[in-house]
Amino acid sequence: MKKNKTSRTLREKIFRWTKIIAFTYGVIGIALYYLQDKILLHPVALSKDYSFNFPIPFKEVNIQLNASDNLNLVEFFPTDSVRKGIVLYFHGNLRNVTRYAPYASNFTRHGYEVWMPDYPGYGKTTGQFTEGNVYMQAREVYKLAQTKFASDSIIIYGRSLGSGIASWLASRKPCKRLILETPYYSIADLFNRYAPIYPAASLSHFKFPTGEYLTDVTVPVTIFHGTDDWIIPYNRASKLKKVLKPGDEFITIDHGSHNDLNDFSIFHEKLDSILSL
């Protein structure tokens with residue numbers, strides 16, 4: 001009799017803990033689903049009358065997409081009047097173009113214009129941040145660039161979040177080269193890295209399948225990634241190697257993390273060699 005009571009008590013404990021674990025799993029899953037935009041996106045909006053102030057020549061451009069949505073981008077110019085081409089720079093997930101403007105000189109000193117658009121909700125760009133809207137706005141920036149430069153003078157550059165957007169554009173529009181800095185294989189794959197016990201593909205609002213897009217990119221591709229990147233781990237980014245074609249490059253920066261590749265000489269040496277072509 002005592003044995004049966006002990007067995008029943010054990011079953012009750014197992015059942016109770018199973019319910020607790022299932023409830024906790026569900027609550028965390030729901031939180032991840034509804035809060036993932038806040039985890040992934042960190043925009044800072046700017047008022048329409050905000051005045052940009054940068055140390056290199058620039059021009060602010062607004063593209064009215066429809067009655068309510070405005071696409072804002074900043075064009076940075078080399079001091080030399082001769083233009084070698086243009087870099088369409090799709091930035092990361094933090095703040096707005098003001099955070100990434102200091103990197104424009106990496107390109108302008110080689111004679112390239114640099115155009116940095118802000119995403120919906122970032123800076124002065126309005127509208128809803130959806131994958132479809134971001135791709136549509138990237139296409140609009142490319143169309144404007146084509147009015148000034150031939151496709152073989154257009155370099156598409158994607159940093160972090162922007163790597164998926166840049167890869168999408170390069171897979172659909174002709175350009176000179178695609179350069180990716182700290183990219184991911186896909187947002188779902190990155191989601192799976194941080195929450196491996198959840199169905200990442202189903203829960204993720206965004207796909208941004210960089211690896212899938214790279215299979216359709218015909219121009220040369222160069223990727224920079226650091227071994228100490230804790231936001232997009234190196235082993236996740238290195239999955240992109242399997243979709244690169246002959247002649248593409250994956251540049252590993254030892255001890256580089258997510259936001260400091262610009263501090264490494266190997267980054268500048270390789271970038272300079274690309275931009276001097």
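Does F54 count as buried or exposed, and at what relative accessibility? In this predicted model, F54 has a relative accessibility of 14% and therefore counts as buried, since the cut-off for that class is under 20%. F52 also counts as buried, because its relative accessibility is 9%.

**Aromatic pairs and a cluster**

A search of the whole structure finds 18 aromatic pairs. One of them joins F52 and F54, whose ring centres are 5.5 Å apart and whose planes meet at 20 degrees, so the pair is stacked. Another stacked pair is formed by F206 and F208, with 5.9 Å from centre to centre and 25 degrees between the planes, and both F206 and F208 are buried. These two phenylalanines, F206 and F208, also belong to one aromatic cluster, which includes Y119, Y122, F129, Y135, W168 and Y213 as well.

**Charges over rings**

Two lysines place their charged ends over aromatic rings, as the table sets out.

| Lysine | Ring | Distance from charged end to ring centre |
|---|---|---|
| K239 | Y185 | 5.3 Å |
| K241 | F250 | 5.0 Å |

K239 lies in the loop between α9, which covers residues 234–237, and β10, which covers residues 249–253. With a relative accessibility of 28%, K239 counts as partly exposed, because that value falls between the 20% limit for buried and the 50% limit for exposed. Although K239 and Y185 are 54 residues apart in sequence, their C-alpha atoms are 6.4 Å apart in space. When neighbours within four places in sequence are left aside, K239 is in contact with Y185 and also with D189.

**Nonpolar cores**

In soluble globular proteins, nonpolar side chains tend to be buried together. Here the largest nonpolar core has 49 residues, and L88 and L214 are those with the most contacts inside it. The helix that gives the most to this core is α4, spanning residues 131–146, which supplies 6 residues. Which residues does L214 touch, not counting those up to four places away in sequence? L214 touches S167, L178, L180, V221, I223, L240, V243 and L244. Apart from the largest core lies another core, of 27 residues, among them Y100, I155, F267 and L271.

How values were computed
Residues numbered from 1 in each chain as written. Predicted model: local features only at pLDDT ≥ 70, side-chain atom pairs only at ≥ 80, totals over all residues. Heavy atoms only, no water. Phe/Tyr/Trp six-rings, centres within 6.5 Å; stacked < 30°, edge-to-face > 60°. Buried < 20%, exposed > 50% of the residue type's maximum accessible area, 1.4 Å probe, protein only. Lys NZ or Arg CZ within 6 Å of the ring centre and 35° of its normal. Helix = DSSP H or I, 4+ residues; strand = E, 2+ residues; numbered from the N terminus. Contact = heavy atoms within 4.5 Å. Core = buried A, V, L, I, M, F, W, Y, C linked by side-chain atoms within 4.5 Å.
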